[in-house]
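Please open the model in your viewer and set it to show secondary structure. The tour below goes from one selection to the next.

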Amino acid sequence: MTVVLFTLGGTIAMAGAGSTGVVARLTGADLAAAVPGLAEIPLDVRDVAAVPSAALTYQQVLDLVEAAGAAVADGATGVVVTQGTDTLEETAYLADLVWPHPAPLVLTGAMRNPTLAGPDGPANLLAAVRVAAAPTARDLGVLVAFNDEIHAARFVRKTHSTSTATFASPNAGPLGHVIEGQVRLLTRPPRHEPLPPVAADRLAATRVALHTVTLDDDVTLVEAVAHGRDGLVVAGFGVGHVPPDLAPALGALAARMPVVLTSRTGAGSVLRHTYGAIGSETDLRRRGLVDGGLLDPYKAKLLLRLLLATGADRAAVPDAFARHG
Ligand code: ASP
């Protein structure tokens, strides 16, 4: 049994202090050396990057998924990726959309950097390695192990800026826990078919915007945000509502590009046919917006960009959101 550890940086790998602040510089070997109990599982460490997670790109994540897939094809039981927590909910979902293997790919990080009292990185790394090595974690796609909880990439959110309990799955709850070192899965959501491979040039050429609707919003802003893009995600109020002024503008955009309706609330689904006012979900669907279902705006943006980059036509977009949302 071997677990391959890829490191990308983030708070878990940060060092330094004082007036200049901590920066990502610890290697995978450094991280592993700080974890009592890790020696019982053979670890193959590969340092990929040492950056804050705000610096990561879709292409880096897709390259990492490929390297992780090669490690699994070479016999690894599972894969762990350490990175910053800020974008972890997005990188995990992006990886999950394309991960075709039964072996677990497990992401983790830390909220308290190694220079602080009680850093959470070592415990999170140990839990992630245990999940990656667990036979029961197979066929669940990409997982996030954090604070001794196991979350599905498709449900997980970063919900707090500083808490070590920041990762939660508001729509589903955790899939399981790590209890006294044992991986305990409580539920197994069905897997979706992975999306086809994405060519780097198509990905780079495909641009998708996200607009979060706010009170008394500015129509020209949403038009500017969508200008020159191939698709748009709208994070609407509540169950998927926008100010009445925005509705015709979004309808006009939907005639030119896929426009996906999501909720800015952080949990729950957009509705389909409950409210009837101008700018309601019923009105926006009539104007051609795609129902984002339970997907949050960030995940919807990832799915839409991958769909468009892999050549999905207009009809395929609502179908894909109906499956994934
Ligand atoms: N800003 C850091 C990052 O995302 C936060 C973290 O690592 O937790 O890289």
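## Stop 1: helices α2 and α3

Select Tyr58, Val61, Leu62 and Val65 in α2, then add Thr91, Leu94, Ala95 and Val98 in α3, the residues they meet. By class, the residues of this contact are 7 nonpolar and 1 polar, with no charged residue. Keep in mind throughout that this is a predicted model.

Now show both helices in full, α2 as residues 58-73 and α3 as residues 88-98. Their axes are 10 Å apart and the packing angle is about 50 degrees. The two helices are therefore oblique to each other. The crossing in which α2 passes α3 is right-handed.

## Stop 2: the sheet beside α2

Keep α2 selected and add the strands it lies across: β1 (3-9), β4, β5 (78-82) and β6 (105-108). Relative to β1, the helix α2 runs at about 165 degrees.

Next, extend the selection to the open sheet of 8 strands, in the order β4-β1-β5-β6-β7-β8-β11-β12. Pairing in this sheet is mixed. Which strands stand at the edges? They are β4 (43-51) and β12 (182-185); each has a single partner strand, so one side of each is left without a neighbour in the sheet. On average, neighbouring strands of this sheet are turned by 25 degrees against each other, ignoring direction.

Zoom in on β7 (residues 142-146) and β8 (residues 149-152). These two strands run antiparallel and are joined by 4 bridges. To find one of the paired positions, select Phe146, whose bridge partner in β8 is Glu149.

## Stop 3: Phe155

Follow the chain on from β8 into the loop between β8 and β9 (157-158), where Phe155 is found. Display the residues that Phe155 touches, leaving aside those up to four places away in sequence: Ala168, Ser169, Pro170, Ala172, Pro189 and Lys299. For a distance across the model, pick the C-alpha atoms of Phe155 and Ala49: they are separated by 26 Å, and the two residues lie 106 places apart along the chain.

## Stop 4: the parallel sheet

Select the open sheet of 4 strands, which has the order β13-β14-β15-β16 and parallel pairing. Its edge strands, β13 and β16 (290-291), each pair on one side only.

Start with β13 (residues 208-212) and β14 (residues 231-236), which run parallel and are joined by 5 bridges. Within this pair, Leu210 stands opposite Val233 in β14. Show helix α6 (residues 219-226) as well: the chain crosses through this helix from β13 to β14, in a right-handed β-α-β crossover.

Then move from β14 to β15 (residues 259-263); this pair is also parallel, over 5 bridges. Select Leu232 here, and its bridge partner in β15, Val259.

## Stop 5: helices α9 and α10

Finish with α9 (residues 297-309) and α10 (residues 316-324). How do their axes lie? They come within 11 Å and cross at roughly 140 degrees, which makes α9 oblique to α10. In this crossing α9 passes α10 in the right-handed sense.

To see the contact, select Ala300, Leu303, Leu304, Leu307 and Leu308 of α9 together with Val317, Ala320, Phe321 and His324 of α10. This contact has 8 nonpolar residues, 1 polar and no charged.

How values were computed. Residues numbered from 1 in each chain as written. Predicted model: local features only at pLDDT ≥ 70, side-chain atom pairs only at ≥ 80, totals over all residues. Heavy atoms only, no water. Pairing = 2+ DSSP bridges. Right-handed = clockwise from strand over helix to strand, strands pointing away. Axes fitted to C-alpha atoms, helices over the stretch in contact; angles between N-to-C directions. Parallel < 35°, antiparallel > 145°, perpendicular 65-115°, else oblique. Left-handed = near helix turned anticlockwise from the far one by under 90°. Contact = heavy atoms within 4.5 Å. Nonpolar A, V, L, I, M, F, W, Y, C, P; charged D, E, K, R; others polar.
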